[in-house]
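Me: I am new to reading protein models, and I would like to learn what the words really stand for. Could you go through this one with me?

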Amino acid sequence: MPQHFLPYGRHTLDSDDIAAVVDVLKHGALTCGPKVDEFEAEFARKIGAVEAVVVSNGTTALHLALLAANFRPGDIAIVPTLTFLSTANAVHMAGGRVVFADVCPKTGLMTPDTLKAAFKKSNYKAKAVLPVHLTGQSEHMAEIHDYARDKGMVIISDCCHAIGASYKAGGSPGDGQFEDFGCYSLHPVKSIAMGEGGVVTTKTPELARYIRQLRSHDMRRLPEEFVRPELGFDDSGEPNPWYYEMHELGYNYRATDIQCALGLSQLGKLDKFLARRLKLADMYDTLLEPLAPVVTSNPRSIDCNSAWHLYAVKIDFASMGKSRGHIMRSFAEKGVGTQVHYIPVHEQPYYQKHYGVQDLPGAADYYAGTLTLPLFPSMFDTDPGFVVKTLKAVLNN
């Protein structure tokens, strides 16, 4: 491995991020403290959502959103197959079943037409749809929203790649105009980092309160909710100060004040991070033009301003006579990290065991040629040129 290695993604931390964490370690509550509330309020403001609930990671955000949507064992959810495992896994965690939707072979995004085909495949019984905003670009949410509403489906947007993306018509993924819930990941390679962390947004305060209960074992401390008064109150009718009740199965899906302090500091830099990602993406677009049609940048959405979580290209590996694995290993030898986003989830052995072998040609086409190049805010201006120069050398070797 070269001494200096450029990964495909990396968090960007400064001294003020470290100071924010140290301040909590020295003076604050480490968990269940004020930084949790502060982070939730600021995240909701930044996204334009009514409510934001911080949780332990993006997977738990999806799980809790499904439970809050009254998604129950045996219910069916439509999930685009081009996504990370967690989007489908959360449905199974809630006891449901998945119908996989195909995607556009150029963008990797579910389309209104592939959604309609998946709904038909569900025998018109799907209760929820989980659109995935892949690489930072949004789904065609206005059309998806109208179709899902017409069919009575709850909409839970997987916004894990889309923190800071915006619709050209106004608003942003997860703000509630096109979905019931938006779910985010704050993993280190995302637009902002909390180490691990996730967020659920909703426009319904009652549902946000319910999610907050479920993230902490459904522990209820409000006297008006007690159903065991003989235990909850003393002889004078006063509530016992130690008492709580659990009415349904909850989870330990909390985020700490340490994480939220880091998240607050990172949120303050989100606009700067997004501008930097856009500049690097523009540089890649220009540098890659001479390599077409063997290497092409993924088309930009006409609906949204991308958050540029990832910079994915399509490579005609067959015409080059080189496998993707060979090219990735050659990149690594020269100090450049690459990745593949994603293996279509319906190809995973677990899901084939449950649903059998499926033919989703759009996803197969996208997956066959995709490769993710390095993109993160702390890259130097010279890095995209180095990556493309390395790509040319690898392809021509």
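Me: Why is the crossing of α10 and α15 called right-handed?
Reply: A crossing is right-handed if the near helix is turned clockwise from the far one by less than a right angle, and left-handed if anticlockwise. The axes of α10 (residues 270-288) and α15 (residues 383-396) cross at roughly 35°, and α10 passes α15 in the right-handed way. This is a predicted model, in which local features need pLDDT of at least 70 and side-chain atom pairs count only at pLDDT 80 or more, while totals for chains, interfaces and linings use all residues. Residues are numbered from 1 along each chain as its sequence is written, and side-chain values use heavy atoms, without hydrogens and water.

Me: What makes α10 and α15 helices, and where do the axes come from?
Reply: Helices are DSSP runs of H or I with at least four residues, strands are runs of E with at least two, and both are numbered from the N terminus. Axes are lines fitted to C-alpha atoms, for helices over the stretch in contact, and angles run from 0 to 180 degrees between N-to-C directions. For α10 and α15, the axes come within 9 Å.

Me: How do you know which residues make the contact of α10 with α15?
Reply: Contact means heavy atoms within 4.5 Å. On the α10 side this picks out Leu-280, Met-283, Tyr-284, Leu-287 and Leu-288, and on the α15 side Pro-384, Gly-385, Val-387, Val-388 and Leu-391. By class, nine of these are nonpolar, one is polar and none is charged. The classes are simple: Ala, Val, Leu, Ile, Met, Phe, Trp, Tyr, Cys and Pro are nonpolar, Asp, Glu, Lys and Arg are charged, and the others, Gly among them, are polar. Gly-385 is therefore the polar residue here.

Me: Why are β11 and β14 called edge strands?
Reply: Two strands pair if DSSP finds at least two bridges between them. The open sheet runs β11-β13-β14, with antiparallel pairing, and β11 (295-297) and β14 (370-373) each pair on one side only. From one strand to the next, the twist averages 35°. As an example of pairing, β13 (residues 311-315) and β14 share four bridges, which meets the limit of at least two. Within this sheet, Tyr-311 stands opposite Leu-373 in β14. Helix α10 packs here as well, touching β11, β13 and β14, and its direction makes about 20° with that of β13.

Me: What makes β1 and β3 the edges of the seven-stranded sheet?
Reply: The order is β1-β8-β7-β5-β4-β2-β3, an open sheet with mixed pairing. β1 (51-55) and β3 (97-101) each have a single partner strand, so one side of each has no neighbour in the sheet. Further in, β7 (residues 181-185) and β8 (residues 198-202) run antiparallel and are joined by four bridges, with Ser-185 opposite Gly-198. Helix α2 packs on this sheet, touching β1, β7 and β8, at about 130° to the direction of β1.

Me: Why is one hollow called a cavity and another a pocket?
Reply: On a 1 Å grid over the protein atoms alone, a cavity is a set of points where a 1.4 Å probe fits but cannot get out, whereas a pocket is an open set with protein on both sides within 12 Å along at least five of seven lines. Lining residues have an atom within 4 Å of a point. Points are joined across faces, edges and corners, and the volume is the space filled by probe spheres set on them. Two cavities of 30 Å³ or more turn up, and the largest has about 100 Å³. Its lining has 13 residues, with Thr-135, Gln-137, Asn-298, Pro-299 and Trp-308 nearest the centre.
The largest pocket holds about 500 Å³. Of its 17 lining residues, Arg-212, Gln-213, Arg-215, Ser-216 and Met-219 are closest to the centre. Helix α7 gives the largest share, three residues. By class, the lining has six nonpolar, three polar and eight charged residues.

Me: What makes Pro-293 and Cys-32 worth a look?
Reply: Most peptide bonds are trans, and most residues other than glycine have a negative phi. The bond joining Ala-292 and Pro-293 is cis, with omega about 5°, and Pro-293 sits in the loop between α10 and β11. Cys-32, in the loop between α1 (15-27) and α2, has a positive phi near 60°.
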